[in-house]
Amino acid sequence: MSKTTARSDRAHLLSTLGVGIPDALLNLALTHRSWSYENGGVPTNERLEFLGDSVLGQAVTVMLYTRYPDLDEGELAKRRASLVSTVALARIGTTIGLGEYVMLGRGEDLTGGRAKASILADTVEALIGATYLGLGGDVATALVLRLVEPLVSDPNTFGRSMDPKTGLQELAASLGADAPVYEVTESGPDHRKTFIATVTVGALARATGEGSSKKQAESVAARQAQALLSAGTP
């Protein structure tokens with residue numbers, strides 16, 4: 001799927017986000033590097049992603065500090081890590097239907113790029129960055145808080161899902177299954193590597209995850225395996 005088949009009517013996305021990101025910034029935020037590679041090296045959303053990551057982290061940190069006055073630094077750090085993780089951001093991206101709008105190269109699209117956790121998470125951060133540049137810090141912070149609120153209110157967010165690898169290990173043990181085994185491969189240049197992790201839990205589950213680090217890829221794979229085991233579907 002190329003730009004011509006990505007959803008071009010972005011009014012619904014902006015309505016869902018509740019912000020009026022200027023067209024040029026919105027277009028940039030939705031431009032994945034695979035689209036750039038196949039279309040003459042046009043600018044990508046990676047710089048916006050970098051900015052959005054910082055805005056996201058600050059907004060979530062302040063929110064948690066204010067909302068949970070009785071939690072110590074260690075617990076606050078764990079909750080922050082959970083809310084800004086690739087898994088959490090991909091969940092947000094899936095909920096708002098973001099995959100329909102991302103401009104992907106044909107190769108990335110044919111391999112399921114619109115549903116990849118890393119692409120969805122990165123694009124969520126890019127949209128936050130675009131909001132910051134186009135509409136200011138207060139609007140960007142408000143957007144972050146709206147996006148993460150369903151996760152904060154979900155009791156499962158700060159349970160087993162806080163650390164997917166530990167959660168998977170505990171779930172496997174509770175089922176009497178073998179301990180999870182991870183295999184990780186990597187590709188791409190040193191400054192922009194992509195990691196793909198495969199986790200196997202005996203004969204019960206096998207799942208994969210992608211990320212910009214080994215830890216990130218393993219966490220995504222572990223979350224997918226948890227879902228398979230919880231559903232009883234190998």
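A salt bridge here is a side-chain nitrogen of Lys or Arg within 4 Å of a carboxyl oxygen of Asp or Glu. With that in hand, the structure holds 9 salt bridges. Bear in mind throughout that this is a predicted model.

**View 1. Lys 116 sits in a salt-bridge network with Glu 108 and Glu 210.**
Start with the pair Lys 116 and Glu 108, whose closest N and O atoms are 2.6 Å apart. Lys 116 also reaches Glu 210, this time at 3.3 Å from N to O. That second pair ties together distant parts of the chain: Lys 116 belongs to the loop between α7 (106-110) and α8, Glu 210 belongs to strand β3, and 94 residues separate them. Shared partners are what make Glu 108, Lys 116 and Glu 210 one network. How exposed or buried is Lys 116? It counts as buried, because its relative accessibility is 19% and the cut-off for buried is under 20%. Glu 210 is buried as well, with a relative accessible area of 15%, and Glu 108 is buried too.

**View 2. Arg 114 and Asp 109 make another salt bridge.**
Here the N-to-O distance between the two side chains is 3.4 Å. Arg 114 comes out at 14% relative accessibility, so it counts as buried. Asp 109, at 12%, is buried too. As background, side chains of opposite charge can pair when their charged atoms come close.

**View 3. Helix α8 is mostly covered.**
Of the 19 residues in α8, 14 are buried. Does the length of α8 agree or disagree with 1.5 Å a residue? The expected span for its 19 residues is 27 Å, and the end C-alpha atoms are 27 Å apart, so the two agree. If the arithmetic looks off, remember that the expected span is 1.5 Å times one less than the number of residues. Just after the helix comes Gly 136, with a positive phi near 100°.

**View 4. A cavity of about 40 Å³ borders α8.**
The structure holds 1 cavity of 30 Å³ or more. The largest cavity has a volume of about 40 Å³. Its lining is made up of His 32, Arg 33, Asn 45, Glu 46, Glu 49, Ile 119, Asp 122, Thr 123 and Arg 192. Which elements supply at least two lining residues each? Those are α4 (46-67) and α8, and α8 gives the most, with 3 residues. Sorted by class, the lining has 5 charged, 3 polar and 1 nonpolar residues.

**View 5. The second largest pocket has α8 and β3 among the elements that line it.**
About 360 Å³ of space lies in this pocket. It is lined by 17 residues, and those closest to its centre are Ala 115, Ala 117, Thr 208, Val 220 and Gln 224. Two or more lining residues come from each of α6 (86-95), α8 (117-135), β3 (205-211) and α11 (214-231). By class, the lining of the second largest pocket splits into 8 nonpolar, 5 polar and 4 charged residues.

**View 6. Strands β1 and β2 form a hairpin.**
β1 (residues 181-187) and β2 (residues 194-201) run antiparallel and are joined by 7 bridges. One partner pair to pick out is Glu 186 with Phe 195 in β2. Between the two strands lie 6 residues, and Gly 188 in the turn has a positive phi of about 95°. When you follow the side chains, keep in mind that in a regular strand they alternate between the two faces of the sheet.

**View 7. Leu 171 and Leu 229 are 58 residues apart in sequence but 8.0 Å apart in space.**
That distance runs from C-alpha to C-alpha. Leu 171 lies in helix α10 (residues 164-174). With a relative accessibility of 9%, Leu 171 counts as buried.

**View 8. Lys 78 and Asp 163 are separated by 8.6 Å between their C-alpha atoms.**
Along the chain these two residues are 85 residues apart. Lys 78 is found in helix α5 (residues 73-83). Its relative accessibility is 48%, so Lys 78 counts as partly exposed; the exposed class begins over 50%.

Note on methods. Residues are numbered from 1 along each chain as its sequence is written. This is a predicted model: local features need pLDDT of at least 70, side-chain atom pairs count only at pLDDT 80 or more; totals for chains, interfaces and linings use all residues. Side-chain values use heavy atoms; hydrogens and water are left out. On a 1 Å grid over the protein atoms alone, a cavity is a set of points where a 1.4 Å probe fits but cannot get out, and a pocket is an open set with protein on both sides within 12 Å along at least five of seven lines; lining residues have an atom within 4 Å of a point. Grid points are joined across faces, edges and corners, and a volume is the space filled by probe spheres set on the points. Helices (H or I, at least four residues) and strands (E, at least two) are DSSP runs, numbered from the N terminus. Ala, Val, Leu, Ile, Met, Phe, Trp, Tyr, Cys and Pro count as nonpolar, Asp, Glu, Lys and Arg as charged, and the others, Gly among them, as polar. Buried means under 20% relative accessible area, exposed over 50%, partly exposed in between (1.4 Å probe, protein chains only). Two strands pair if DSSP finds at least two bridges between them.
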